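Visitor: Could you take me through one helix of this model in detail, and then through the parts around it? I would like a connected account, with the terms explained as they come up.

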Amino acid sequence: MTWLNYHHLYYFHRIVECGSISKAAAELRLGQPTLSSQLKELEGKLGQLFERKAKSLILTERGKIVYK
């Protein structure tokens, strides 16, 4: 079992605040694939946090709870 760490939640928070993975990746100076894989790992543990529609991310109800 892999544990979540501070980075998973911090990256999730930055993605929400920036509005996209690519903007958050640029701000954090990380590669977009790195950030995407971290988000995928977090969603693997907590469930779907974003609904992906036409290149945009929309928080699910679960995502809103995690963000709070």
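Guide: The buried residues of H1 are His 8, Tyr 11, Phe 12, Arg 14, Ile 15, Val 16 and Cys 18, where buried means under 20% relative accessible area, exposed over 50%, and partly exposed in between, with a 1.4 Å probe and protein chains only. This is a predicted model, in which local features need pLDDT of at least 70 and side-chain atom pairs count only at pLDDT 80 or more, while totals for chains, interfaces and linings use all residues. Residues are numbered from 1 along each chain as its sequence is written, and side-chain values use heavy atoms, with hydrogens and water left out.

Helix H1 covers residues 6-18, and its 13 residues reach 18 Å from the first C-alpha to the last, close to the 18 Å expected at 1.5 Å a residue; the expected span is 1.5 Å times one less than the number of residues. Helices (H or I, at least four residues) and strands (E, at least two) are DSSP runs, numbered from the N terminus. At the N-terminal end of H1, Asn 5 acts as a cap, with a side-chain oxygen 2.8 Å from the backbone nitrogen of His 7. Just after H1, Gly 19 has a positive phi of about 90 degrees.

The cover over the buried residues of H1 includes helix H2 (21-28), helix H3 (32-46), strand E1 (50-53), strand E2 (56-59) and helix H4 (61-67). The largest nonpolar core, a set of buried Ala, Val, Leu, Ile, Met, Phe, Trp, Tyr and Cys residues joined through side-chain atoms within 4.5 Å, has 14 residues, and those with the most contacts inside it are Phe 12, Ile 15, Leu 35, Leu 39 and Phe 50. H1, H2 and H3 are the elements that give two or more residues to this core, and H1 gives the most, with five residues.

Phe 50 shows how these parts meet: leaving aside neighbours within four places in sequence, Phe 50 is in contact (heavy atoms within 4.5 Å) with Phe 12, Ile 15, Val 16, Leu 39, Glu 43, Leu 57, Ile 58, Leu 59 and Thr 60. Glu 43, found in helix H3, counts as buried because its relative accessible area is 13%. With neighbours within four places again left aside, Glu 43 is in contact with Gln 48, Leu 49, Phe 50 and Arg 52.

Definitions and conventions: A polar contact is a pair of N or O atoms within 3.5 Å; within protein, one must be able to donate a hydrogen and the other to accept it, and residues adjacent in sequence count only if both atoms are side-chain atoms.
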